[in-house]
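Work through the exercises below with the structure open. Try each task before reading its solution.

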Amino acid sequence: MLASVKWLEEILNTKLDIKALEKVANNLGMEIGQQYQYCPGDIVIGRIVKISPHPTLKNLNILDIKTTTHHQIVTSAMNIKLDDLVFVVASGKKFKDKIVGERDFNGVKSTGMLVSEEEMGIAEKSTGVIVVDRGNEGAHFKDVFDDLVLDIKVNTNRPDLLSILGLAREFSLGLGIKFSYKEKNPEQVNHNDIAVVKIKDLDGCPRYTARIFEDVVVKESPFSVKWRLSCMGMKGINNVVDITNINMLLTGQPLHPFDLDLIKEPIIIRSAQKNEQFVTLEGTVFKLDEKDLVIADKNGPIALAGVIGARCSQITNSTRRILLESAFFNPRRIAHTRRRLGIQTEASIRFERGADLSMVDEVSRMTGEDFKISAGAKEVKFISVGKKAKPKTISFSRNRMNSILSLNLNTDEIKNLLIKSEIKVSGKNQLKAIIPHYRYDLQIEEDIYEEVARIYGYMNIPDVIPGRWAITRIHDKSRAIIKFLKHYMNGMGFSETYNLSLVSSQRLNELGYSEFVKLKNPLNERFNALRPTLFLGLLDAIQYNHSKGNNSLKLFEVGNIFLSPGFTQEKRLGAVLGGELYPNFWEKADQNINYFDAKGTVEMLFEALMIKNIEFLHHQQVGFSQAVKITSSDKELGYLGIIAPELCNREFFFFEISIDKILTLINEPFYNPPPKFPANIRDIAFLFDDNIEVPAVKNLINRVAGPIVEKVILFDYYKGKNLPAGKKNLGFRLYFKAPDRTLTDEEVDNFVKKIINEVITNFGATLRTKENN
Amino acid sequence: MEQKINELKSNINAELDKIKDLNTLEAFRIRYLGRKGILNELFKELANFPLEEKRKLGNEINQLKSKLNEFLNTKLSEFNQISVFRIDPLLPGRTGYVGHRHPLSLIQDEIESFFENLGFVVASGPEIEYDWYNFEALNIPKDHPARDNFSSLFITDELLLRSHTSPVQIRVMEKTKPPIKIICPGRCYRFDPFDPSHSPVFHQVEVLYVDKGVSFGELKWLLSEFVKQIFGPKIRYELRPSFFPFTEPSGELAISCAVCQGDGCPVCGNTGWLEMLGCGMVHPQVLKNVKISPKVYSGYALGMGIERVAMIKYLIDDIRVFYNNDMRFLEQF
């Protein structure tokens with residue numbers, strides 16, 4: 001809400017100190033944000049004492065203008081007459097940071113300028129100069145009009161603060177000054193006339209009043225009105241509309257004038273029909289639905305209730321008869337329409353937060369008075385129908401209030417606090433509060449607590465150390481695992497990243513994802529889907545760092561991904577690595593991180609988590625030149641791969657593991673006594689065809705030997721020189737062990753023989769060496 | 001005997017040249033000076049000589065012995081020195097990668113441990129949320145103007161990306177009987193552009209305590225301890241009235257601007273204060289919505305943005321740096 005300090009000062013009848021105002025605002029739950037000072041230059045009010053035509057140039061007049069001295073100014077403005085007051089900037093003085101110069105019009109000197117509305121910034125175009133309706137000759141602009149405008153943030157539950165009167169009232173509470181502005185708030189009386197007004201939707205419109213005027217003269221508003229509207233962020237339109245706007249800003253009650261000659265009475269307040277059309281003042285066409293509320297005549301809607309008027313009934317210069325609407329509309333219905341159609345107006349902002357039902361008739365009356373004075377209007381009729389405002393009371397318990405607020409106030413203290421907000425309290429323990437008509441926000445007992453705390457001062461409430469202990473039982477073992485994983489990855493040299501979970505569906509399509517969660521109302525194409533993988537974010541992180549010259553990277557992220565059927569989320573660990581193995585070492589061995597560093601990281605991770613039986617299987621993944629699936633007893637846990645060169649021009653590796661899935665594989669550790677008998681270790685090397693894969697051989701060895709082989713390790717792999725083409729040498733180290741005795745060499749020899757035979761027959765391998773360690 | 005000694009001396013001279021390292025030196029020492037070494041053997045032989053000769057020869061052997069000892073010591077320290085100085089011990093070591101924590105992770109941990117130490121338990125909920133949990137149950141019905149403060153990203157009419165972590169409150173309260181003392185950190189989403197002061201994805205921490213007799217003063221105490229813990233004991237703060245549909249009374253905590261110390265600067269919009277978090281006593285309607293009687297129980301709740309805390313604490317002026325993952329940024333944490 002923009003607030004003119006000058007206007008507030010007029011209402012409060014005192015000068016305001018902005019620093020003090022800021023403090024008070026904070027303490028009461030408002031915030032003063034931007035402050036605007038409106039003073040475009042060194043402007044003085046002058047009176048035109050003589051007008052004479054320029055001797056040689058047509059359409060120019062020479063003016064003699066009196067301020068404290070006389071100025072001769074040549075002008076083309078035609079909207080002025082003798083004795084008019086105008087704004088003068090004398091030559092040599094500043095206007096909008098520029099010095100105004102002296103000009104010569106065919107031998108006639110002009111020693112200053114007159115200011116137009118366009119130059120003042122209150123109109124887009126103007127033909128004449130401003131004729132001033134306030135102040136005296138010689139007075140400075142800054143003393144009469146200059147204004148400081150505050151942008152005040154008010155809470156959405158306080159519609160009363162969307163008005164100058166409400167703000168003035170609230171500031172007076174905070175500053176401890178008397179609010180002497182006497183608002184009339186007479187009791188509401190209904191004057192029915194169904195030939196003029198009919199409410200068909202009482203839910204949408206609890207109260208409607210129409211005040212009818214004749215002989216209205218529609219013209220431009222005087223400068224002071226336009227200036228005030230401009231300071232308050234609105235534009236001057238004509239005297240009628242401007243008066244309704246000024247009164248809305250003053251009281252918070254939105255008003256709407258209709259040209260009565262352009263509508264067919266009676267006007268009906270009803271819900272819109274499905275797909276009914278509505279054309280706004282600006283000419284935009286909307287399709288309505290049944291929850292929208294309209295003001296209509298026989299021919300259709302003449303206003304979208306509480307939001308915006310229709311073009312067909314607006315006030316123009318030829319308007320003679322006016323119907324002035326002042327009403328109370330259901331906030332929910334206004335909010336619905338405003339949100340659905342996306343039209344926010346000064347009226348809708350106030351109605352959807354809740355206007356003051358009790359002020360509907362009074363503001364209409366005030367506005368009528370203004371119409372009479374400024375538009376020569378004659379009031380002919382007043383119709384008021386619907387619900388009347390009733391005084392509101394809230395009862396509340398003193399003890400409960402004290403216990404919730406950590407206070408110990410007696411009834412008198414509570415009364416004295418609340419009366420500052422014009423809330424009258426009666427009773428002893430169970431208290432009754434009479435709520436002032438403008439406080440729409442006070443609805444329940446707890447609202448009164450807040451009001452007490454607010455006036456008492458939040459910072460004056462004591463800090464209380466709680467004297468009880470409480471335990472909530474939530475067992476979530478994932479947290480410990482996630483913490484462990486993060487620390488583990490840090491320890492392995494990976495830095496943690498955070499990536500946006502919103503990604504582009506086009507990129508996902510390119511990566512072969514066809515099913516993923518799409519947004520209904522995306523911000524833009526870049527963020528229109530939810531990530532089904534952590535890969536894109538980490539890929540972006542690689543690219544961002546490469547562009548900054550960081551080529552060696554180990555990065556990870558722990559985060560949720562989303563799966564399309566069922567809209568489920570899954571927690572995953574993703575990591576990328578690539579570049580030099582020891583990027584900071586002086587002894588350059590040209591060693592780069594390779595696939596086996598990546599795979600080793602994964603293997604160690606599972607070992608650290610004590611998860612056994614991890615298997616890697618061949619896998620195809622779009623975006624990767626080679627990849628393997630990470631599985632455990634046929635359950636897919638994730639994958640690991642070499643990022644395709646099209647996506648990353650350096651060799652980088654990526655792996656992703658589902659944390660939710662590995663959680664099910666983690667068991668509490670259990671104790672096994674360390675073995676008492678030493679292992680018998682044997683090395684066996686074979687020559688294999690190149691297509692034979694290590695896991696297959698290992699599996700066979702384990703199957704043949706059974707539990708007597710504790711582990712099998714590949715200790716040698718060789719391919720190339722000295723070996724026939726298409727062949728490779730694999731050396732396995734076997735650990736033989738029995739839990740209850742030391743194995744004899746003979747026993748082991750037998751197993752080794754069996755293993756060798758099986759490997760040879762199953763894989764067509766040739767034995768190369770056999771060694772006892 | 002004398003001849004034997006002379007022979008020995010020339011043998012020794014010849015062998016001395018062959019000593020190249022600690023191993024050969026040690027072998028040499030054992031051979032000549034060891035307990036059963038040649039020199040000791042000579043001493044034993046001396047026993048059979050007459051006293052005069054014994055003394056003379058003994059002297060000679062002793063001299064030889066001390067000469068050898070001296071030689072050995074020199075050689076020994078020479079070899080030892082070589083072995084130490086063969087590498088340059090001041091060259092940098094072979095370091096691999098050092099993993100850094102993300103600042104948002106650090107702040108979240110710091111916040112979590114503060115509350116965990118006070119007996120709060122960490123709870124979590126889904127990021128794709130029902131309208132009921134995100135709004136309705138929190139006393140924000142459809143067409144409530146407060147929904148505008150939570151401009152949301154929707155998936156279907158009823159499913160959206162949660163715009164705050166408050167829905168976790170509801171999820172826990174639905175399933176758990178009071179006392180409920182939880183902290184819920186998590187990722188949230190808003191219909192916001194990705195610019196220096198906005199991000200469509202951000203993180204919040206929600207704190208909730210529902211029990212018999214929970215009061216506003218207790219919330220105030222908690223807040224004062226919390227800001228001191230996170231920003232240091234000298235921080236100035238103010239609790240101000242505010243409005244949230246799910247709390248009543250509601251408050252907002254502002255702390256003195258970390259950049260200008262409260263004098264006013266562009267960071268704090270010249271106010272000298274930075275808004276830190278929203279809080280309040282749980283609205284009775286919210287308790288009713290989860291079938292907890294507001295007549296028996298009361299509670300407080302507070303919520304804050306993790307990015308905001310990190311930006312204030314580390315004086316970061318562009319929220320996007322958290323998501324660029326520039327190593328030069330990550331390395332600072």
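Two residues are in contact if their C-beta atoms, placed from the backbone, lie within 7 Å. Keep in mind that this is a predicted model.

**Exercise 1. The contact between the chains**

Task: Find how many residues chain A and chain B each bring to the contact.

Solution:
- Start with the two sides. Chain A gives 78 residues and chain B gives 71 residues.
- Next, look for the element of chain A with the largest share of its side. That is helix H13 (residues 445-456) of chain A, with six residues.
- Then sort the side of chain A by class. There are 37 nonpolar, 24 polar and 17 charged residues.

**Exercise 2. The overall form of chain A**

Task: Decide whether chain A is more spread out than a compact globule or not, using its radius of gyration.

Solution:
- Count the elements. Chain A holds 20 helices and 39 strands.
- Compare the radius of gyration with the globule rule. For 773 residues the rule gives 28 Å, and chain A is at 42 Å, well over that figure, so chain A is more spread out than a compact globule.
- Check the extents. The C-alpha trace of chain A spans about 130 × 80 × 55 Å along its principal axes.
- Look at burial. Of the 773 residues of chain A, 39% count as buried.
- Finish with the contacts. Take those in chain A between residues at least 6 apart in sequence: 67% of them join residues at least 24 apart.

**Exercise 3. The buried side of a helix**

Task: Name the buried residues of helix H1 (residues 5-12) of chain A, and say why they lie on the same side of H1(A).

Solution:
- Pick out the residues. Trp7(A), Leu8(A) and Leu12(A) are buried.
- Take their directions around the axis. They cover an arc of only 125°, so they sit on the same side of H1(A).
- Find their partners. The buried residues of H1(A) pack against strand E1 (2-4), helix H5 (164-175) and helix H6 (223-231) of chain A.
- Step past the end of the helix. Asn13(A) follows H1(A), and its phi is positive, near 60°.

**Exercise 4. Two crossing helices**

Task: Describe how helix H7 (residues 239-251) of chain A crosses helix H10 (residues 360-375) of chain A.

Solution:
- Begin with the axes. They come within 10 Å and cross at roughly 145°.
- Add the handedness. The crossing of H7(A) and H10(A) is right-handed.
- List some of the residues that meet. Among them are Asn239(A), Ile243(A) and Asn247(A) in H7(A), and Met366(A), Asp370(A) and Phe371(A) in H10(A).
- Sort the contact by class. The residues divide into six nonpolar, six polar and one charged.

Conventions:
Residues are numbered from 1 along each chain as its sequence is written. Chains are lettered from A and ligands numbered from 1 in the order in which they are written. This is a predicted model: local features need pLDDT of at least 70, side-chain atom pairs count only at pLDDT 80 or more; totals for chains, interfaces and linings use all residues. Helices (H or I, at least four residues) and strands (E, at least two) are DSSP runs, numbered from the N terminus. Ala, Val, Leu, Ile, Met, Phe, Trp, Tyr, Cys and Pro count as nonpolar, Asp, Glu, Lys and Arg as charged, and the others, Gly among them, as polar. Axes are lines fitted to C-alpha atoms, for helices over the stretch in contact, and angles run from 0 to 180 degrees between N-to-C directions. A crossing is left-handed if the near helix is turned anticlockwise from the far one by less than a right angle, and right-handed if clockwise. The radius of gyration is taken over C-alpha atoms; the globule rule is 2.2 Å times the number of residues to the power 0.38. A residue is buried if 20 or more other C-beta atoms lie within 10 Å of its own, exposed if 12 or fewer, and partly exposed in between; C-beta atoms are placed from the backbone. The arc is that of the directions from the helix axis to the C-beta atoms.
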